[in-house]
Amino acid sequence: MRPGERHRRDPTPNLALRSLLEESGWTQEAFARALARLGNEAGVRLGYDRTSVAHWLRGSRPSPRVQGFIAEALSRRLGRPVAVTQLGMGDGLSGGPGPRPRRSEDRAACELGDGGTQPGPEDLSGLRDGAPPADRLAALTAAVVGPPRADAPPPAPYRLTLGTAGNTPRSAGTSDAAGTTAKRGGIGDEPSETAEPLRPRPPRAHFPSLPRGGRPARRTTPDEVASAREHARFFAQQADRHGGGHIRTPLAACLAGLVRRLHTGGEGPHHPRLVAGAARLSYLLGRVYADEQRHGLAQRAFDTAAQLAAEGEDPECVALVQRALSSQAYQLGHRRLSLALAESACGTAPSDAAPSTRSFLYAGLAVAQAAEGERKQALAALGRAEHELARAPADLTTGPESPDGGEPVGSYQDAALHYQASQVRAALGDRDGAVRELHASLRSRPAGERRSRALSEAELAELLLSAGRLEEACSAWRSFLEDSALVRSGRARRARDRMPRLLRPYAQEACVQGLLTRAGLP
């Protein structure tokens, strides 16, 4: 073989990626683990290891969608934005020079948690920063409602900087919404992430829904507004009862119809309310994606909802979106970001917000503060949430809000507050108090809200097991299996997957053997 021919086939070493990796201080194995954690946030299994990283450094390159995960992982580690084009892998679309892995290898290394397909980056082109909200909604729903129909949406990384405005630290002398003094510190769950907490960006002043193609704008009618609101209430209730997997496609179809309406433009006094209705539905889409553990897409749906809420002059919805983003960051372990978002949500809420809404916001703040060890402040915020809820009139048209803190349109009631009080107690080390709150939540929650009950029962079982109360834990898990069998929820699936691992040390106990047999597990 001639030397020239061999040289043409050899990949060019990726000096840009090597420089970034050296700057990060990561070993190749640690880098691969960071990518795996990031993939979990987006509901994607990234099966790369140190040998994969070594291949990239020698000039090989993964698919463009994986390059987005690489850029996000390095951005978090270095505390500054790292663009895909800085990775030495091309423009992020074609990947530039260097050998591409075989399609079968790439598919094996990057799999969706729900077994879906892997569309390319063009499927999310409408989600680029600065895109109009209607375009963003179109991108979020196009993969769900055809043509062509594809039930599994494309993967997207969860980005710490999405919906935030630079590294603006909370001043050591700044008071938060509950009258407490904020602390400074890093974001993320890794000690090496030393960037200051990111403040949520304020919503843009206005996002006009302009008509396209020169057509005159049509006046928006009250019936259109009422329809959007009733759909939001219906889908919120169904999510709590049956899980996000059951409503994703009809919810996306409803939003796709609203996208067409927003694209054609509107006028009249009712049009801002229609845009606000689209914001609430986009919020619900974020809840669905979060329930399915597709956190990158959930984050983008929430961000779109905030933009639409600003256009629709609905500051209460903006606050609810920030609260949802706080809950999502909490679930993913980004505790300082969660606290900054919870504080912003309480500060954004209008003075005339309903008492149930204020209770919802302060409950989220209490959870975030407890996670940061701010005991006094957390208990004060929880007391404020209880006070506000006591002032709220009963709303019999919707059930209590779901355990993950995603109440978008209905009332916030006792079952949800007890659930979040349990999270506060658990974070503060009061395990018995957390167990009592979960029991109270389950007593208050309607039997039909199976998804919400299932998640509460799973958390109760894990708390009881950690306290050495095995028989009670098995009883709670039996209830969890009954309820979770009737829902489609990624969170419920993950809770079920944890059960055999947690019970392995007790495999010889009769109650455990019966439980695992009932679950169809070895």
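Modeller: A residue is called buried here if its relative accessible area is under 20%, and exposed if that is over 50%. Keep in mind that this is a predicted model.

Colleague: Okay, let's start with Gln293: buried or exposed?

Modeller: Gln293 sits in the loop between H10 and helix H11 (295-311). Its phi is near 65°, which is a positive value in a residue other than glycine. The cut-off for buried is under 20%, and the relative accessible area of Gln293 is 10%, so Gln293 is buried.

Colleague: And Glu313, is that one buried or exposed?

Modeller: Glu313 also has a positive phi without being a glycine, near 55°. You'll find Glu313 in the loop between H11 and helix H12 (315-331). Exposed starts over 50%, and Glu313 has 60% relative accessibility, so Glu313 counts as exposed.

Colleague: How sure is the predictor overall; what is the mean pLDDT of the protein?

Modeller: Confidence varies along the chain: pLDDT stays under 50 over residues 165-212, and also over residues 396-410. Across the protein, 74% of residues reach 70 or more, and the mean pLDDT is 78.

Colleague: Which element has the highest mean pLDDT?

Modeller: Among the elements of the protein, the lowest mean, 42, belongs to helix H1 (residues 3-9). At the other end, with a mean of 96, is helix H17 (residues 431-444).

Colleague: Give me the big picture: what share of the 522 residues counts as buried?

Modeller: The secondary structure comes to 21 helices and four strands. Take the contacts between residues at least 6 apart in sequence: 72% of them join residues at least 24 apart. The accessible surface is about 22200 Å², with 51% belonging to carbon and sulfur atoms. As for residues that count as buried, the share is 56%.

Colleague: On to the aromatics. How far apart in sequence are the parts that the Phe31 and Trp56 pair ties together?

Modeller: The structure holds five aromatic pairs. Phe31 and Trp56 make up one of them, an edge-to-face pair at 6.5 Å centre to centre with 80° between the planes. Phe31 belongs to helix H3 (residues 28-41) and Trp56 to helix H4 (residues 50-57), so the parts that the pair ties together are apart in sequence by 25 residues.

Colleague: Are Phe31 and Trp56 buried or exposed?

Modeller: Ring pairs link both of them with Trp26 and Tyr48 into a cluster. As for cover, Phe31 and Trp56 are both buried.

Colleague: Which elements help cover the buried residues of H4?

Modeller: Besides Trp56, the buried residues in H4 are Ser52, Val53, Ala54 and Leu57. Just past the end of H4, Gly59 takes a positive phi of about 120°. The cover for those buried residues includes helix H2 (15-24), H3 and helix H5 (64-78).

Colleague: Phe234 and Phe235 form a pair too. Which of these residues counts as buried?

Modeller: Their rings sit edge-to-face, 5.4 Å centre to centre and with 65° between the planes. Phe234 has 45% relative accessibility, so it counts as partly exposed. At 5% relative accessibility, the one that counts as buried is Phe235.

Colleague: What is the span of helix H8 from its first C-alpha to its last?

Modeller: H8 covers residues 222-242, and Gly243, with a positive phi near 95°, follows it. Among its buried residues are Glu224, Arg233 and Asp240, and what covers the buried residues includes strand S3 (218-219), helix H9 (244-264) and helix H10 (271-291). With 21 residues at 1.5 Å a residue, the span is close to what is expected, and it reaches 30 Å.

Colleague: Which ring does Arg323 lie over?

Modeller: There's a similar question for Arg335, whose charged end sits over the ring of Tyr330, 4.4 Å from its centre. Arg323 is 4.2 Å from the ring centre and lies over the face of Phe360.

Colleague: Last one: what is the relative accessibility of Ser282?

Modeller: Ser282 has its place in helix H10. Leaving aside neighbours within four places in sequence, its contacts include Leu137, Leu255 and Ala301. Ser282 counts as buried, and its relative accessibility is 0%.

Technical notes. Residues are numbered from 1 along each chain as its sequence is written. This is a predicted model: local features need pLDDT of at least 70, side-chain atom pairs count only at pLDDT 80 or more; totals for chains, interfaces and linings use all residues. Side-chain values use heavy atoms; hydrogens and water are left out. Rings of Phe, Tyr and Trp (its six-membered ring) pair if their centres lie within 6.5 Å; planes under 30 degrees apart count as stacked, over 60 as edge-to-face and the rest as tilted. Helices (H or I, at least four residues) and strands (E, at least two) are DSSP runs, numbered from the N terminus. Buried means under 20% relative accessible area, exposed over 50%, partly exposed in between (1.4 Å probe, protein chains only). A charge sits over a ring if NZ of Lys or CZ of Arg is within 6 Å of the ring centre and within 35 degrees of the ring normal. The expected span of a helix is 1.5 Å times one less than its number of residues. Contact means heavy atoms within 4.5 Å. pLDDT is the predictor's confidence in each residue, from 0 to 100. Accessible areas come from the Shrake-Rupley method with a 1.4 Å probe; for residues, only the protein chains shown count as cover.
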